[in-house]
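Please keep the sequence and the model side by side while reading. The paragraphs below move from the whole chain to single residues.

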Amino acid sequence: MVPTLRIGAFVPAGVPITAPVTKFGGQPVWLSEPQWPVNDAWDEPMRFICQIELGAVLGDVGRGKLAYVFVTHAAHGDETFFDPDIAFPDEGANAVIVQPGGVYGGSTLPLATGPSLYHIEDGSDAEYTVRLQPDKDPDFRPQHDHGRPPPNDHDQYWEQISGAKIGGTPAFFQGDDWPDGGPWKLALQLSPNFQPFYLNLGAAPTAFAFVSPDAKQGRLLVQDS
């Protein structure tokens, strides 16, 4: 079994969150010098999505560390823009940066603040904490094994691993799409179409953010149906 924290609710932040906690939107709480990733194809800073406490994902190795997740994304009022490269972990259109002590190979700027999540209705800033529920996922089962007895319990397995969560077993639905250069640990699983903020990652997407077991680097990929 794999420990996970299910996201039970997104809770609006009444004031800007400046503590190194798991949160979505607002501005990053940098633990080292700012490293705001840039999409080289567009020469623009990516949009900050969230920061994830890694102690819950990696145990002692991750304590005191954060993973910051960014994607190339339209500004409010320009939602027709969409970069399909955000789906791929190594195309320079998304980033997972780990601090302190992480390694990131893409371009960055020393910006403490930058583009972040917003609400689609009026473009207002979005910032949320999360209500987390401890749980356990079954161990990862390659897709070619899902229908093999025993156990012949694909529906139960899928129900257990689905949903928004921190850590756990990834609910891949388009092949076992682990990024190259592993091994990796799932840090975040998110279906943004069901969240209170606006995040366009595709028609019916699920985003998967991963970190290395040594808390040195991360990757992001999106599967879309």
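The surface that the protein exposes comes to about 10500 Å², and carbon and sulfur atoms supply 52% of it. This value, like those that follow, is computed from a predicted model. Of the 225 residues, 46% count as buried. The charged side chains number 13 positive and 28 negative, and the centres of these two sets lie 11 Å apart.

As for the overall fold, the protein has two helices and 13 strands, and its C-alpha trace spans about 50 × 40 × 35 Å along the principal axes. Because a compact globule of 225 residues would have a radius of gyration near 17 Å, the value of 17 Å found for the protein agrees with that expectation. Contacts within the chain often bridge long stretches of sequence: among those between residues at least 6 apart, 67% join residues at least 24 apart.

The aromatic residues give concrete examples of such bridging. A pair of aromatic rings is described by the distance of the centres and the angle of the planes. The count for the protein comes to 19 aromatic pairs. One of them is formed by phenylalanine 10 and tyrosine 128, which meet edge-to-face with 6.5 Å from centre to centre and 85 degrees between the planes. This pair links distant parts of the chain, since phenylalanine 10 belongs to strand E1 (residues 2-12) and tyrosine 128 to strand E9 (residues 127-137), 118 residues apart. Both phenylalanine 10 and tyrosine 128 are buried.

A second pair, phenylalanine 24 with phenylalanine 197, is stacked, with 5.9 Å between the centres and 15 degrees between the planes. Here phenylalanine 24 sits in strand E2 (residues 23-25), while phenylalanine 197 lies in the loop between strand E11 (185-190) and strand E12 (205-211), so that the pair connects parts of the chain 173 residues apart. Phenylalanine 24 counts as buried because its relative accessibility is 0%, and phenylalanine 197 counts as buried because its relative accessibility is 4%. Elsewhere, Trp30, Trp36, Phe48, Tyr68 and Phe70 form one aromatic cluster.

Loops can also hold buried residues, and glycine 168 is an example, lying between strand E10 (165-167) and E11. With a relative accessible area of 13%, glycine 168 is buried. Leaving aside residues up to four places away in sequence, glycine 168 touches Val2, Pro3, Thr4, Asp137 and Leu186. Between glycine 168 and alanine 56 there are 9.8 Å in space, C-alpha to C-alpha, although the two are 112 residues apart in sequence.

Which backbone details deserve a look? A cis peptide bond joins glutamine 99 and proline 100, with omega about -10 degrees, and proline 100 is placed in the loop between strand E7 (94-99) and strand E8 (108-109). The peptide bond from glycine 182 to proline 183 is also cis, with omega near 15 degrees, and proline 183 lies in the loop between E10 and E11.

Two residues that are not glycine have a positive phi, namely aspartate 43 at about 55 degrees and alanine 215 at about 60 degrees. Aspartate 43 is found in the loop between strand E3 (36-39) and strand E4 (44-45), whereas alanine 215 occupies the loop between E12 and strand E13 (218-224). Are these positions buried or exposed? Aspartate 43 counts as exposed because its relative accessibility is 64%, while alanine 215, with a relative accessible area of 0%, is buried.

Key. Residues are numbered from 1 along each chain as its sequence is written. This is a predicted model: local features need pLDDT of at least 70, side-chain atom pairs count only at pLDDT 80 or more; totals for chains, interfaces and linings use all residues. Side-chain values use heavy atoms; hydrogens and water are left out. Helices (H or I, at least four residues) and strands (E, at least two) are DSSP runs, numbered from the N terminus. The radius of gyration is taken over C-alpha atoms; the globule rule is 2.2 Å times the number of residues to the power 0.38. Buried means under 20% relative accessible area, exposed over 50%, partly exposed in between (1.4 Å probe, protein chains only). Contact means heavy atoms within 4.5 Å. Accessible areas come from the Shrake-Rupley method with a 1.4 Å probe; for residues, only the protein chains shown count as cover. Lys and Arg count as positive and Asp and Glu as negative; His and the chain ends are not counted. The place of a charge is taken as NZ of Lys, CZ of Arg, CG of Asp or CD of Glu. Rings of Phe, Tyr and Trp (its six-membered ring) pair if their centres lie within 6.5 Å; planes under 30 degrees apart count as stacked, over 60 as edge-to-face and the rest as tilted.
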